Amino acid sequence: MAQINLRALESLADYSNAELKLLASVAPAREYEQGNDLCVEHAQGQSCFVLATGEVTIHKMIDRNEKELATLRAGSIVGQMALVDRSPRSATVRASKYTIALELTREVFERLLNAHSPLALRFQSQIAIAGIRQLRMATTTLAGIL
């Protein structure tokens with residue numbers, strides 16, 4: 001597996017070394033070859049991903065056709081709603097090139113929240129920000145598709 005530098009990711013720039021070390025220990029790095037799915041639309045979500053390297057595209061079925069809604073790069077958080085609610089995935093996330101992503105499960109996230117971990121509180125804020133950004137991107141893209 002390629003070496004990853006979490007400190008270099010803009011979205012994690014404000015995290016302390018202790019928080020980055022904790023994140024790396026509780027969110028294992030997973031490798032995805034180009035074309036592999038990190039998550040699939042309508043499947044039950046159990047985790048979110050922090051893109052450490054690479055790039056993913058977001059796809060949604062619209063009128064029986066798969067439409068590409070957005071591209072997300074290293075530093076992005078994707079699939080974060082799985083940590084917040086128990087609804088099925090709203091889109092498919094596919095590696096558009098070789099990607100390494102840290103996978104944070106709902107169970108681990110809830111454990112960190114219950115322990116009042118600074119990492120969980122900081123990550124909770126980032127989940128909200130990432131969700132808002134992605135909603136805006138999707139809304140703009142869907143307006144152009146429909």
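In the predicted model, Val-56 has Leu-72 of strand E5 as its bridge partner. This pairing belongs to a larger set, as strand E4 (residues 55–62) and strand E5 (residues 65–73) are joined by 8 bridges. The two strands run antiparallel. Between them, the hairpin of E4 and E5 has 2 residues. Within this hairpin, Asp-63 adopts a positive phi near 50°.

Strand E3 (residues 47–53) takes part in two further antiparallel pairings. With strand E8 (residues 99–105), E3 shares 6 bridges, and Cys-48 is matched there with Leu-104 of E8 as its bridge partner. With strand E6 (residues 77–78), E3 shares 2 bridges; in this pairing, the partner of Val-50 is Ile-77. Of the 7 residues of E3, 6 are buried, so the strand is largely enclosed by the rest of the structure.

An aromatic contact also involves E3. The count of aromatic pairs in the model comes to 1. The pair is formed by Tyr-32 and Phe-49, whose rings are arranged edge-to-face, with 6.3 Å from centre to centre and 85° between the planes. The pair links distant parts of the chain, since Tyr-32 lies in strand E1 (residues 29–32) and Phe-49 in strand E3, 17 residues apart. With a relative accessible area of 1%, Phe-49 is buried. Tyr-32 has a relative accessibility of 11% and also counts as buried, because the cut-off for burial is set at under 20%.

Helix H1 (residues 17–26) has a buried side and an exposed side. Glu-19, Leu-20 and Leu-23 are the buried residues of this helix. Viewed down the axis of H1, these buried residues fall within an arc of 100°, so they line one face of the helix. The face turned away from that buried side carries Asn-17, Ala-18, Lys-21 and Ser-25, which are exposed.

Glu-19 of H1 was examined in further detail. The relative accessible area of Glu-19 is 9%, and the residue is therefore classed as buried. Apart from neighbours within four places in sequence, Glu-19 is in contact with Asp-14, Pro-118, Leu-119 and Arg-122. One of these residues, Arg-122, is joined to Glu-19 by a polar contact of 3.1 Å between the side chains. Arg-122 also lies over the face of Tyr-15, at 5.0 Å from the ring centre.

Leu-119, another contact of Glu-19, is placed in helix H4 (residues 118–145). Leu-119 is buried, with a relative accessible area of 3%. When neighbours within four places in sequence are left aside, Leu-119 is in contact with Tyr-15, Glu-19, Leu-22, Leu-23 and Leu-112. Among these residues, Glu-19 and Leu-23 are buried residues of H1, and Tyr-15 is the residue whose ring has Arg-122 over its face. By contrast, Gly-35 is 84 residues from Leu-119 along the chain, and the C-alpha atoms of these two residues are separated by 31 Å.

Notes. Residues numbered from 1 in each chain as written. Predicted model: local features only at pLDDT ≥ 70, side-chain atom pairs only at ≥ 80, totals over all residues. Heavy atoms only, no water. Helix = DSSP H or I, 4+ residues; strand = E, 2+ residues; numbered from the N terminus. Buried < 20%, exposed > 50% of the residue type's maximum accessible area, 1.4 Å probe, protein only. Contact = heavy atoms within 4.5 Å. Pairing = 2+ DSSP bridges. Phe/Tyr/Trp six-rings, centres within 6.5 Å; stacked < 30°, edge-to-face > 60°. Lys NZ or Arg CZ within 6 Å of the ring centre and 35° of its normal. Polar contact = N/O pair within 3.5 Å; in protein donor to acceptor, adjacent residues only side chain to side chain. Arc of directions from axis to C-beta.
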